[in-house]
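Please look over the following model together with its sequence before reading on. The paragraphs below take its features in turn, from contacts through the interior to the surface.

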Amino acid sequence: MALATDCNPGTSPLCSLLLTMNMGAVLWGMTVRECLDGVTVHAARALGLQGETGRLAPGLSADFSVWEVERPSQLVGRLGLTPLHMRVFEGAVTHG
């Protein structure tokens with residue numbers, strides 16, 4: 001299942017990818033791994049971009065976030081926390 005935000009005030013005011021993953025776990029019983037796959041691999045597939053992005057692999061676009069957590073479950077289980085350490089988007093690195 002793909003998980004994503006749309007972040008527009010008209011139909012989807014949800015802007016937090018971490019809250020989206022929390023909802024996937026709480027409302028649909030998804031595991032942490034399924035939530036992470038939902039916002040990466042499955043989201044790319046849903047958009048028809050699986051050959052371009054959605055995972056870290058040679059030749060694919062490498063937009064990604066580095067989270068400051070001890071365990072992946074902390075990305076799904078904590079509400080209101082933004083543990084972003086840095087992100088890489090279109091080759092530019094920004095810090096939390």
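Contact, in what follows, means heavy atoms within 4.5 Å. The model is a predicted one, and a convenient place to begin is Thr94, which lies in strand E3, spanning residues 92-95. Leaving aside its neighbours within four places in sequence, Thr94 is in contact with Met86 and Arg87. At 37% relative accessibility, Thr94 counts as partly exposed, and its C-alpha atom is separated by 18 Å from that of Leu18, although the two residues stand 76 apart along the chain.

Leu18 leads on to the interior. The largest nonpolar core consists of eight residues, namely Leu3, Leu18, Met21, Met30, Cys35, Val39, Leu75 and Val76. Two helices, H1 (17-28) and H4 (73-77), each supply at least two residues of this core. Among the core members, Cys35 can be followed in some detail: once neighbours within four places in sequence are set aside, Cys35 is in contact with Leu3, Met21, Gly24, Ala25, Met30 and Val76. With a relative accessibility of 0%, Cys35 counts as buried, since the cut-off for that class is under 20%.

Another buried position is found in helix H1, where Asn22 lies. Asn22 counts as buried because its relative accessibility is 11%. When residues up to four places away in sequence are not counted, Asn22 touches Val76, Gly77 and Leu79. Val76 therefore appears both among the contacts of Asn22 and among those of the buried Cys35.

Which cysteines are joined by a disulfide? A search of the whole structure finds one such link, and this disulfide joins Cys7 to Cys15, with an S to S distance of 2.3 Å. A disulfide is a covalent bond between the sulfur atoms of two cysteines. The link of Cys7 and Cys15 is right-handed, with 75° about the S-S bond. Why does Cys35 not form a bond of this kind with Cys15? The closest cysteine sulfur to that of Cys35 is the one in Cys15, and because these two sulfurs are 19 Å apart, they are too far from each other for a bond.

Cys7 deserves a further remark on its backbone. Cys7 is placed in the segment before H1 and is partly exposed, with a relative accessible area of 40%. Although Cys7 is not a glycine, it has a positive phi of about 50°. Most residues other than glycine have a negative phi. A positive phi of about 50° is also found at Glu90, again not a glycine, and Glu90 has its place in the loop between strand E2 (84-89) and E3. Glu90 is exposed, with a relative accessible area of 66%.

The segment before H1 also contains Gly10, which counts as exposed at 67% relative accessibility. From Gly10 to Thr20 the separation is 10 residues in sequence and 18 Å in space, taken from C-alpha to C-alpha.

Charged side chains come next. Side chains of opposite charge can pair when their charged atoms come close. How many salt bridges does the model contain? The count comes to two, where the cut-off is a side-chain nitrogen of Lys or Arg within 4 Å of a carboxyl oxygen of Asp or Glu. In one of them, Asp37 pairs with Arg33, the closest N and O atoms being 3.2 Å apart. Asp37 and Arg33 are separated by about one helical turn, because they stand four residues apart in helix H2, residues 32-38. Arg33 is exposed, with a relative accessible area of 59%. A salt bridge also links Arg71 with Glu70, and here the closest N and O atoms are 3.4 Å apart. Of this pair, Arg71 is partly exposed, at a relative accessible area of 44%, whereas Glu70 is exposed, at 70%.

The surface also has a nonpolar part. Met1, Val26, Leu27 and Trp28 make a nonpolar surface patch of about 480 Å². Trp28 lies in helix H1, and its relative accessible area of 51% places it in the exposed class, for which the cut-off is over 50%. Helix H1 thus takes part in two of the settings described, because it supplies at least two residues of the core and also holds the exposed Trp28.

Definitions and conventions
Residues numbered from 1 in each chain as written. Predicted model: local features only at pLDDT ≥ 70, side-chain atom pairs only at ≥ 80, totals over all residues. Heavy atoms only, no water. Core = buried A, V, L, I, M, F, W, Y, C linked by side-chain atoms within 4.5 Å. Buried < 20%, exposed > 50% of the residue type's maximum accessible area, 1.4 Å probe, protein only. Patch = residues over 30% accessible without salt bridge, like charges linked within 9 Å, V, L, I, M, F, W, Y side chains within 5 Å. Areas by Shrake-Rupley, 256 points an atom, 1.4 Å probe, with all protein chains shown as cover. Disulfide = S-S within 2.5 Å.
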